[in-house]
Amino acid sequence: CQLVDSTPAVTRRLQEHLRTLRCDHGLVITADVLRLLATPPAEPFDVVFLDPPFRQGLLQPCVDALVQQRWLAPAAWVYTESGADEAPLVTPPGWELYRAKQAGQVSYRLWRAA
């Protein structure tokens with residue numbers, strides 16, 4: 001498991017949560033996620049959660065980088081959250097929407113990436 005955030009206070013809190021859960025295999029990274037995603041991973045991921053700050057235009061570039069840099073394993077699952085009033089995600093070819101919901105100002109979706 002890798003958790004990424006650009007704010008040191010957030011990543012410190014995430015590390016505390018991992019310690020509380022006695023999770024020895026979680027890696028917390030303080031980084032700009034778009035810079036991190038610009039380099040292919042050592043191994044692709046089966047599940048990715050994308051919950052960028054709303055209304056900052058980050059979701060689409062993150063999805064594009066996941067595909068372009070081959071961060072996703074075959075048939076990976078991708079969970080996305082965005083503001084309900086944000087432009088819809090332009091999904092890569094082969095992606096299928098598995099489930100979508102809205103709760104107040106938040107839209108969340110689960111995709112199967114082909």
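Arg 22 counts as exposed, because its relative accessibility is 75% and the exposed class covers values over 50%. This residue sits in a predicted model, as does everything described below. Arg 22 is found in the loop between helix H1 and strand E2 (27-30). Its phi is near 55°, which is a positive value in a residue other than glycine.

**Residues with positive phi**

Arg 70 also has a positive phi without being glycine, with a value near 60°. Its place is in the loop between helix H3 and strand E4. Arg 70 counts as exposed because its relative accessibility is 67%. A glycine with positive phi is found in the hairpin of strands E5 and E6: Gly 104, with phi near 60°.

**The first crossover**

Strands E1 and E2 run parallel and are joined by four bridges. In one of the pairings, Asp 5 has Thr 30 in E2 as its bridge partner. Between these strands the chain passes through H1, and the resulting β-α-β crossover is right-handed.

Helix H1 spans residues 8-20, 13 residues in number. From its first C-alpha to its last, H1 reaches 18 Å, close to the 18 Å expected at 1.5 Å a residue. Arg 22, described above, comes just after H1.

Beyond E2, the loop leading to helix H2 contains Asp 32. Asp 32 is partly exposed, as its relative accessible area is 39%. The C-alpha atoms of Asp 32 and Ala 76 are separated by 23 Å, and the two residues are 44 residues apart along the chain.

**The second crossover and the hairpin**

Strands E3 and E4 pair in the parallel sense, over five bridges. Phe 45 has Leu 72 in E4 as its bridge partner. The chain goes from E3 through helix H3 (residues 59-68) to E4, again by a right-handed β-α-β crossover.

How do E5 and strand E6 (residues 106-113) pair, and over how many bridges? They pair in the antiparallel sense, over seven bridges. The bridge partner of Gln 102 in E6 is Ser 107. The hairpin has two residues between its strands.

The strand pairs described so far are set out here.

| Strand pair | Sense | Bridges | One bridge |
|---|---|---|---|
| E1 and E2 | parallel | four | Asp 5 with Thr 30 |
| E3 and E4 | parallel | five | Phe 45 with Leu 72 |
| E5 and E6 | antiparallel | seven | Gln 102 with Ser 107 |

**Aromatic pairs**

Counting rings whose centres lie within 6.5 Å, the model has four aromatic pairs. One of them is formed by Phe 49 and Tyr 79, with ring centres 5.5 Å apart and planes at 50°, so the pair is tilted. Phe 49 belongs to strand E3 (residues 45-50) and Tyr 79 to strand E4 (residues 72-83), so that the pair links distant parts of the chain, 30 residues apart. Phe 49 is exposed, with a relative accessible area of 62%.

The rings of Trp 77 and Tyr 98 form an edge-to-face pair, because their planes stand at 75°, with the centres 5.0 Å apart. Trp 77 lies in strand E4 and Tyr 98 in strand E5 (residues 96-103), so this pair ties together parts that are 21 residues apart in sequence. Trp 77 is partly exposed, with a relative accessible area of 25%.

**Pocket and cavity**

The largest pocket has a volume of about 850 Å³. Its lining is made up of 27 residues. Val 4, Val 33, Phe 49, Leu 50 and Asp 51 are the lining residues nearest its centre. Which element gives the largest share of the lining? That element is E3, with six residues. Strand E1 (2-5), H1, helix H2 (33-37), E3 and H3 each supply at least two residues of the lining.

How many cavities of 30 Å³ or more does a search of the whole structure find? The search finds one. The largest cavity has a volume of about 30 Å³. Among the residues that line the largest cavity are Pro 52, Pro 53, Phe 54 and Arg 55, together with Glu 81, Ser 82 and Glu 86.

Key: Residues numbered from 1 in each chain as written. Predicted model: local features only at pLDDT ≥ 70, side-chain atom pairs only at ≥ 80, totals over all residues. Heavy atoms only, no water. Phe/Tyr/Trp six-rings, centres within 6.5 Å; stacked < 30°, edge-to-face > 60°. Buried < 20%, exposed > 50% of the residue type's maximum accessible area, 1.4 Å probe, protein only. Pairing = 2+ DSSP bridges. Expected span 1.5 Å × (residues − 1). Right-handed = clockwise from strand over helix to strand, strands pointing away. 1 Å grid on protein atoms, 1.4 Å probe; cavity = no way out; pocket = protein on both sides within 12 Å on 5 of 7 lines; lining within 4 Å. Points joined across faces, edges and corners; volume = space filled by probe spheres on them.
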